[in-house]
Amino acid sequence: MKINTPISDETIASLKAGDRVYISGKIYTARDSAHQKMVKLIEENKPLPFDPNGQIVYYTGPTPAKENKPIGSCGPTSSYRMDPFAKDLMQAGLKIMIGKGDRSQSFITEMIKFKGIYLQAVGGIGALLAKTVKKSSVIAFPELGAEAIHELEVVDFPAIVTYDIFGGNLIIDEVKKYQKIDVDGIKHD
Amino acid sequence: MQMRKIEKQLIINTVKRLALDANMHIGESFLDKLRNALKLEKSNIGKHVLNQIIENDEIASNDFEPMCQDTGLVVVFLEVGYDVHFDFDLYDAVNEGVRQAYTEGGLRKSVTLHPITRGNSNDNTPAIIHLKLVEGNQIKITLAPKGGGSENMSLVKMLTPAEGIEGIKKLVLKSIFEAGGKPCPPLVVGIGIGGNLEKSALIAKEALMRDINDESSDPLLAKLEKEWLEEINLLGIGPMGFGGTTTALAVKINAFPCHIASLPVAINIQCHASRHQSALI
């Protein structure tokens, strides 16, 4: 399914865990340090570097771009580290977060409350994902280097809906299908 | 053996080349391992993910782009012959090679100045350097850019001798299950058994430097490597934690004698960007 940013509430409601989406439009990068700084801006009632309403934050810190290329390798980083900051950003209007890996129950609860969704891009495929990025510019915190907030223009950026607004959880559902042993080494069917 | 003098520039150039090559080229034997996993994977999403990983690694190699944006904290193993002579600081030379690769080669700088106050060293130094003295008049350099996501899921645990093989296996299964997709499976699982606190961690890291297709020369460890790989792949985590039958591609166990009271176990997790290269100079 193809989606364009900014994302409407109707589009979000139509997305279910397991859906493969291809995103086009502007998205914003932020990881650990940029999140700390954005939450500080929110606490100080200052505007964020971009309007978060209906927007996507992509957890990544790209490698430097080579000459004539918009960006270097740019795969997702682990999302759980951003869990402590996500609530404040969703309260400010942020709807979609893209990263990798599972997240805390408290994040999932807040995400459903704010009718947001969590997508995963495949980790460790930064060279492939870079091909979907057509433009990239640093719009805030340049002092953070790779961790600065970049505005990316993407075409058909691939991601997989992982948690939806209805409580769907792709990770739990899929792992259950293939799990044939418990962590104590006891095999089951 | 005749004493041989090694020039600083040779170390710098070799380290630089290894750092760049390791970040761009995963290597054919690892790609074959991924292609084989794709044939065996049962989950549709798992297959989709493996396909993307293979395509990515081919793009990275052909375009000389880093396969992953996390171009790692550089780990370097130096095996220095007794009959090598050098009149410079070997650690400085290695770090200079890393600095040149990361500042000139389009790699991300992922090293802080200080673990608590953070900041960025801006050239990806210092590398973690392990030095070993060996016979001969050559230097073997093995370099691995190690990503943060998989290293964060690694651990050392001091078990009791009574916990034995079963205790180690449970620790391995539990840590891999709880890590889920975070360390970017399919994984290579490096396990260090024995030694003491730091030795177990070091041999676990060394286990990750082994050839992807080898097996331990110790028959017991070789048997455990095979059995535990099968059991890890029954956990259901799958490629990138999306569920499936390919959670790990290999288990590598290294062991060392230990104290009669102890059974140290280190688990060093390697993501699917299993990057390491060696050179003999």
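# A walk through a two-chain model

The structure holds one cavity of 30 Å³ or more. Before we go there, some housekeeping: this is a predicted model, where local features need pLDDT of at least 70, side-chain atom pairs count only at pLDDT 80 or more, and totals for chains, interfaces and linings use all residues. Residues are numbered from 1 along each chain as its sequence is written, chains are lettered from A and ligands numbered from 1 in the order in which they are written, and side-chain values use heavy atoms, with hydrogens and water left out.

**Stop 1: the cavity**

A cavity here is a set of points on a 1 Å grid over the protein atoms alone where a 1.4 Å probe fits but cannot get out; lining residues have an atom within 4 Å of a point. The largest cavity has a volume of about 50 Å³, meaning the space filled by probe spheres set on the points, with grid points joined across faces, edges and corners.

Select Arg20(A), Tyr22(A), Gln120(A), Ala121(A), Val122(A), Pro158(A), Ala159(A), Ile160(A), His48(B) and Gln52(B) to light up the lining. Two or more of these residues come from each of strand S2 (20-29) and strand S7 (149-163) of chain A, and helix H3 (44-63) of chain B. (Helices, H or I with at least four residues, and strands, E with at least two, are DSSP runs numbered from the N terminus.) S7(A) gives the largest share, three residues.

How many of the lining residues are nonpolar, polar and charged? Six are nonpolar, three polar and one charged. For this count, Ala, Val, Leu, Ile, Met, Phe, Trp, Tyr, Cys and Pro are nonpolar, Asp, Glu, Lys and Arg are charged, and the others, Gly among them, are polar.

**Stop 2: where the chains meet**

Now show both chains. The contact (heavy atoms within 4.5 Å) takes 46 residues from chain B and 47 residues from chain A. About 3800 Å² is buried between them, and carbon and sulfur atoms give 60% of that. Buried area is the accessible area (1.4 Å probe) that two parts lose on being put together, summed over both. Try selecting Gln69(B), Lys182(B) and Phe242(B): they supply 18% of the area that chain B buries against chain A, more than any other three residues.

**Stop 3: a sheet in chain B**

Next, colour four strands of chain B, which form an open, mixed sheet in the order S8-S11-S9-S10. Two strands pair if DSSP finds at least two bridges between them. At the edges sit S8 (155-159) and S10 (248-258), each pairing on one side only. Strand S9 (187-195) runs parallel to S10(B), joined to that strand by nine bridges; click Ile191(B) and you'll find its bridge partner, Ile253(B), in S10(B).

Add helix H8 (219-232) of chain B, which lies across S9 and S10 at about 140° to S10(B). Such angles run from 0 to 180 degrees between N-to-C directions, with axes being lines fitted to C-alpha atoms, for helices over the stretch in contact.

**Stop 4: odd spots in the loops**

Zoom in on Thr5(A) and Pro6(A), which are joined by a cis peptide bond with omega about -5°. Pro6(A) is in the loop between strand S1 (2-4) and helix H1 (9-14) of chain A. Over in chain B, another cis peptide bond joins Thr125(B) and Pro126(B), with omega about 0°.

Last pick: Phe141(A). What is its phi near? Phi is near 55°, a positive value in a residue other than glycine.

Definitions and conventions. 1 Å grid on protein atoms, 1.4 Å probe; cavity = no way out; pocket = protein on both sides within 12 Å on 5 of 7 lines; lining within 4 Å.
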